[in-house]
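Here is a short tour to read alongside the model in your viewer. Take the stops in any order you like.

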Amino acid sequence: MHDLVHPRVVLLLALAACEASAPAPVEPPPRWVYPPPPPSWPLGAVQGRIGRSQPTQPALPAGITGEKKVPLRLATPWTVPGAGPARAVIYGLEGARPAIELVDIDQGRVVWRDPTACDGPIVGVTDQAIVCADAKGTRGVKLDGKGAWRSELQYIAMTDDRVVTGDLGVSIILDATSGDELGRVKLPATIVPESIIASCGDAGRELFSIGQDGRLVRVADAKGGPAITWATPIGAVTNIEACEGETVIVEGSGLDGPTVVALARATGKITGRVDGVRGSWPARDGSDRLEVSTSAGVASWPRDLAGDPIATALPALGELIATRGDRRLVRATPLTAAVLDKTGVRAYLPFASMGGVLGDTAVIAASWNGSQGETVRRLGLPPRYPRALRIAVRTRGVGVPAELRDLPAAAPLDLASAIEKPDTGKHTVGAVAIDPRESNVLYTVPLERQPDETSGAGIASVDLSTRTWKWQRSDGCGAGQPVALAVAREVVVCAARGNRPGTASVRATTRDGAARWEWIGDSLDAVQAAGDAVLVYAADRVFVLDASTGKVRAWLASDDGAIMRVTAVEVGARTLIIGYERGRLVARVTELGMFPLWSLEIDGVVRAISPSQDGVLVELEDGDALRVTALTGSVAAMPGLGLTWRPSGELVTGAALGGPIPAPPQPAVTPVRPRRPLATRPPPPKDPEAPPMSVPVQPPPSLGDSWQYTLYELGGGLRARNDYAIDGPIVPVLARGPTGSPLVVAHGRALREVLVLDPRTGDPLRQIMLPEDAPPGVVFATIVDGTPVAGTVLAAPLRIVLF
């Protein structure tokens, strides 16, 4: 009987065996509110390096989870000060309505979101409350998202946990946490409530005001009531730190750019001043000193700016973005930022966002202006930066002496020769593009009415050789505002967007006028096409579409939050996608599943990539430009610094300010002969060996700087360089056909003046004055039947006029 086992025991043993052999439960995928960027495609083997600056560290891409299904757009991030976990309060748009949310930065989690808590934008955040305001008044919200208080008083300023509101002739100071009234200050007759910029003291009764006369005024309690204790001329004020110690720190603007000024709190006397300031922040060592960045680098100053500064090892940096403990997130360049701590540079990040909040292990970044698709990004901090940081600051383009060319007189546009399409383009014309395979074929976007959420623009095609319109599609563009027009190998694509998320579209039409496909997306900012690829740019992302079907082949995202620097290039039957990814320039072949053909490491930061015939023009943030051949990755440097670079077919052009424009010579004044001879001294004897003397001719006064335009060969050789006396704004026209097409420059008020240049020498050929109602910048240049021509597109009715 001892051999027998109870059936229940057998069952339990069998269940235990099943549980032991069963697979572990699968964790559900994270619910992303702000998803991380897509996994990086293979970058391929490095075949070289370009650049002369320092690259950023690869940011650690991270996302933010939560229960919400949609992200906030065009968001403004605010730091929650104080001890405890790193948190950010974010104000943005949830669809079409505003909302606020609290984010745990290091955990990457949306704690809560409320679209009703705030009636307007956030104006300040304390360690216990959020304050927001609009035209209806001021409101306080607790950090758990629950409403705390509401006031109908107008918001004016906020200092620490004191909210300054106002009524007629009086400033009313409220507690940011409870909304309780801390103080009520009757203002002197010369001070208006709207001029208050800071409130100090437990009850907030010490006020600082800036008037239209540029005087900083201190109002404090005195015998008989609040009175002006001092008023100091200071100019425009952008920020003030008024409540710490015996010194008031004011940031403003001066003759040499931004300034930092220190004033004695008791007297208003200026104790110190630093001009040419790029940024300033509290000292990282915890003292009351200030660290101020100028073109000479970062120095530590006494708070009163009266003593000698102490130089640091930091390079010239920009404005302060965020603080946490001893860390400072500081702008380095428009596309980068540095995280500083007590010992130096903690990290050097790709960072193009307008604002950010520091955590212990991550950073929140967001922009409240720009693309409709802007959302919140989260970046993990990389390991400590191992090098001494060196920042290459981009300077104004360097012009060299060149000939100032005489310009032909501007002639009016000859409308009698127009190629007209009646009853079309009744509202305006949106864009123009040249067929890359038939230089005599032009595509344009006529609008019959103001576009809205239900109606858009059309596409029309014209043959300049036969002077006939080939076809027209009234539905060539989707609903909303047309954004761009581009031509691929088989299709013409029009990008349009509405005012709401999810209303962006790209419609493709074959080159003979048949509808092909439509792509619908969340947002878009631009479109570019070449070969069998269409690139759709949306904030920091780009979608690579198959030009034949409209299906998404791949999507990429920039590391810094700026527009993704990538372009499509057609070389023979092959289409390459060349972009800036993870610190490299990478060429990918679309036919091979985005396989990397080659990659180059970048010593620096890429600012822009543009197609340039069978290659790309790569512009670096420090002002250098290089042309890279698409198939081989071979590099040619452009001999110019800080120019405004543009590829233009067989050329690369660079623009900068040129030499002075001389005024017309003044007419000679005939001296009046005196009626009576004047007694004069005899001239001294002339030395026969003395060299002949000449009277220098005074140059006429300058009318301003000219515009210098330099033409380079694709290999970097100089073709021509000239100065032109034309007025801004100045825009070289991008719609240019094959080799030999003229160079066209639109300039002057509303870009109505058009200068046509010879692409071989830069010689001015003719200058045209467009009509008053001409759409600005809708100009082109191409080759028609072997003849170089330029032209413009006019509306009401749709017309093509060559000149």
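F780 stands opposite G791 in β68, and the strands that carry this match, β67 and β68, pair in the antiparallel sense over six bridges. Please keep in mind that this is a predicted model. The points below start from this strand pair and then move on to other parts of the chain.

**The sheet around β67 and β68**
- β67 and β68 belong to an open sheet of four strands, in the order β38-β69-β68-β67, with antiparallel pairing.
- At the edges of this sheet are β38 and β67, each of which pairs on one side only.
- From one strand to the next, the twist averages 25°.

**Nonpolar cores**
- Which residues touch the most other members of the largest nonpolar core? They are L442, F780, V793, I800 and F803, out of 33 residues in that core.
- Two or more residues each come from β39 (428-434), β41 (459-463), β65, β67 (779-784), β68 (787-794) and β69 (798-802).
- Another core, of 22 residues, lies apart from the largest one and has V569, V606, V616 and V618 among its members.
- As general background, nonpolar side chains in soluble globular proteins tend to be buried together.

**G425 and its surroundings**
- G425 sits in the loop between β38 (419-421) and β39.
- Is G425 buried or exposed? Its relative accessibility is 0%, so G425 counts as buried.
- Beyond its neighbours within four places in sequence, G425 is in contact with P446, L447, E448, A795, A796 and L798.
- P797 is 372 residues away from G425 in sequence, yet the two are 5.5 Å apart in space, C-alpha to C-alpha.

**A five-strand sheet**
- A second stop is an open sheet of five strands with mixed pairing, in the order β37-β66-β65-β64-β63.
- The edges are taken by β37 (410-412) and β63 (730-732); each has a single partner strand, so one side of each is left without a neighbour in the sheet.
- Direction ignored, neighbouring strands of this sheet are turned by 25° against each other on average.
- Within the sheet, strand β64 (residues 743-747) and strand β65 (residues 753-757) run antiparallel and are joined by five bridges.
- One facing pair to look for is H747, which stands opposite E753 in β65.
- β65 also gives two or more residues to the largest nonpolar core.

**Strand β23 and its two hairpins**
- How many of the eight residues of strand β23 (residues 257-264) are buried? Six are, and the strand is mostly covered.
- On one side of the story is strand β22 (residues 247-254), which pairs with β23 in the antiparallel sense over eight bridges.
- Here I249 stands opposite A262 in β23.
- β22 and β23 form a hairpin with two residues between them.
- β23 also pairs with strand β24 (residues 270-274), again in the antiparallel sense, over four bridges.
- In this pairing V260 stands opposite V274 in β24.
- The hairpin of β23 and β24 has five residues between its strands, and G268 in the turn has a positive phi of about 80°.
- In general, strands of a sheet pair through backbone hydrogen bonds, either parallel or antiparallel.

**Aromatic pairs**
- The structure holds eight aromatic pairs.
- One of them joins W519 and F543, at 5.6 Å centre to centre with 45° between the planes, and it is tilted.
- W519 lies in strand β46 (residues 515-521) and F543 in strand β49 (residues 541-546), so this pair ties together parts that are 24 residues apart in sequence.
- Both partners are buried: W519 has a relative accessible area of 9%, and F543 has one of 18%.
- Why is the pair of W707 and Y709 stacked? The ring centres are 4.6 Å apart and the planes are at 25°, and planes under 30 degrees apart count as stacked.
- W707 is buried, with a relative accessible area of 8%, and Y709 counts as buried at 4% relative accessibility.
- Ring pairs also link W519, F543 and W555 into a cluster.

Methods. Residues are numbered from 1 along each chain as its sequence is written. This is a predicted model: local features need pLDDT of at least 70, side-chain atom pairs count only at pLDDT 80 or more; totals for chains, interfaces and linings use all residues. Side-chain values use heavy atoms; hydrogens and water are left out. Rings of Phe, Tyr and Trp (its six-membered ring) pair if their centres lie within 6.5 Å; planes under 30 degrees apart count as stacked, over 60 as edge-to-face and the rest as tilted. Buried means under 20% relative accessible area, exposed over 50%, partly exposed in between (1.4 Å probe, protein chains only). Two strands pair if DSSP finds at least two bridges between them. Axes are lines fitted to C-alpha atoms, for helices over the stretch in contact, and angles run from 0 to 180 degrees between N-to-C directions. A nonpolar core is a set of buried Ala, Val, Leu, Ile, Met, Phe, Trp, Tyr and Cys residues joined through side-chain atoms within 4.5 Å. Contact means heavy atoms within 4.5 Å.
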